[in-house]
Amino acid sequence: MNVLFLCTGNSCRSLMGEAIFNHLAPEGWRAISAGSKPLGRLNSGAVALLEQEGISTEGYYSKSWNDLPLTPDIVLSVCGNAANETCPVYLGGALRSHWGVEDPAHAEGTEEEIKAAFMTAYRILRYRIEQFLALPLDELKDDRERLKAELDRLGNLLP
């Protein structure tokens with residue numbers, strides 16, 4: 001199965017979702033990320049945090065949802081803007097769920113406060129992804145209704 005982490009700018013939260021998911025996912029599951037209005041660069045704070053956590057970002061880049069190399073089975077929006085946007089037609093068959101996470105790229109304050117905002121976003125995404133991967137995925141991949149309900153439930157969990 002292919003999972004798309006979607007955010008408007010595709011530089012921070014969706015990148016973290018993609019990298020964490022691919023780091024933890026079982027064989028046959030893959031994540032990609034994209035944005036409706038990609039910034040064209042990855043957020044340096046997100047990249048630094050992922051590397052600190054031992055998660056590779058090699059090969060990742062900010063891209064448009066119009067330039068995906070594959071069609072996702074699941075679309076997880078991680079920002080409010082992306083949740084409310086109309087997705088391209090080719091994403092119509094994908095299961096969609098909103099996993100909103102506060103954007104650490106807009107955090108203000110001391111360097112420590114900004115780093116803490118990135119860590120909070122990372123922990124929320126990682127926790128939800130771990131819970132997702134702990135589900136009986138072999139059963140759920142053929143039960144779209146139940147999978148959608150689980151995705152929606154997970155989108156509200158906090159570590």
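User: Which elements do the buried residues of helix 6 pack against?
Analyst: This is a predicted model: local features need pLDDT of at least 70, side-chain atom pairs count only at pLDDT 80 or more, and totals for chains, interfaces and linings use all residues. Residues are numbered from 1 along each chain as its sequence is written, and side-chain values use heavy atoms, leaving out hydrogens and water. Helices (H or I, at least four residues) and strands (E, at least two) are DSSP runs, numbered from the N terminus; contact means heavy atoms within 4.5 Å. The buried residues of helix 6 pack against strand 3, strand 4, helix 4 and helix 5.

User: What arc do the buried residues of helix 6 cover around its axis?
Analyst: Buried means under 20% relative accessible area, exposed over 50%, and partly exposed in between (1.4 Å probe, protein chains only). In helix 6, the buried residues are Leu147, Glu150, Leu151 and Leu154. They sit on the same side of helix 6, because their arc around the axis, taken from the directions to the C-beta atoms, is only 100°.

User: Which element gives the largest share of the largest nonpolar core?
Analyst: A nonpolar core is a set of buried Ala, Val, Leu, Ile, Met, Phe, Trp, Tyr and Cys residues joined through side-chain atoms within 4.5 Å. The largest one has 40 residues, and Phe5, Met16, Phe21, Ile74, Trp99 and Phe132 touch the most other members. Two or more residues come from each of strand 1 (2-6), helix 1 (13-24), helix 2 (44-52), strand 3 (74-77), helix 4 (111-133), helix 5 (137-140) and helix 6 (144-154). The largest share is nine residues, from helix 4.

User: Which residues does Met16 touch, not counting those up to four places away in sequence?
Analyst: Met16 is among the residues that touch the most other members of the largest nonpolar core. With residues up to four places away in sequence left out, its partners are Ala46, Leu49, Leu50, Pro104, Phe118, Ala121, Tyr122 and Leu125.

User: How many residues apart in sequence are the parts tied together by the pair of Phe5 and Trp99?
Analyst: Rings of Phe, Tyr and Trp (its six-membered ring) pair if their centres lie within 6.5 Å; planes under 30 degrees apart are stacked, over 60 edge-to-face, and the rest tilted. There are five aromatic pairs by this rule. The centres of Phe5 and Trp99 are 6.4 Å apart and their planes meet at 70°, so this pair is edge-to-face. Phe5 is in strand 1 and Trp99 is in the loop between strand 4 (95-98) and helix 4, so the parts tied together are apart in sequence by 94 residues.

User: What is the angle between the ring planes of Trp99 and Phe132?
Analyst: Both residues are buried: Trp99 has a relative accessible area of 0%, and Phe132 is at 1%. Ring pairs link the two with Phe5, Phe21 and Trp29 into a cluster. Trp99 and Phe132 form an edge-to-face pair, 6.4 Å centre to centre, with the planes at 75°.

User: Which elements do the buried residues of helix 2 pack against?
Analyst: Ala46, Val47, Leu49 and Leu50 are the buried residues of helix 2. They line one face, because they fall within an arc of 165° seen down the axis. The face turned away carries the exposed Ser44 and Gln52. The buried residues pack against helix 1 and helix 4.

User: Which residue caps the N-terminal end of helix 2?
Analyst: At the N-terminal end of helix 2, a side-chain oxygen lies 2.8 Å from the backbone nitrogen of Gly45. The residue that supplies this oxygen is Asn43.

User: What distance joins the side chains of Ser77 and His98?
Analyst: Ser77 lies in strand 3 and is buried, at 2% relative accessibility. A polar contact is a pair of N or O atoms within 3.5 Å; within protein, one must be able to donate a hydrogen and the other to accept it, and residues adjacent in sequence count only if both atoms are side-chain atoms. The side chains of Ser77 and His98 are joined by such a contact, at 2.9 Å.

User: What is the phi of Asn10?
Analyst: Asn10 lies in the loop between strand 1 and helix 1, and is buried with a relative accessible area of 1%. Most residues other than glycine have a negative phi. Asn10 is not a glycine, yet its phi is positive, about 45°.
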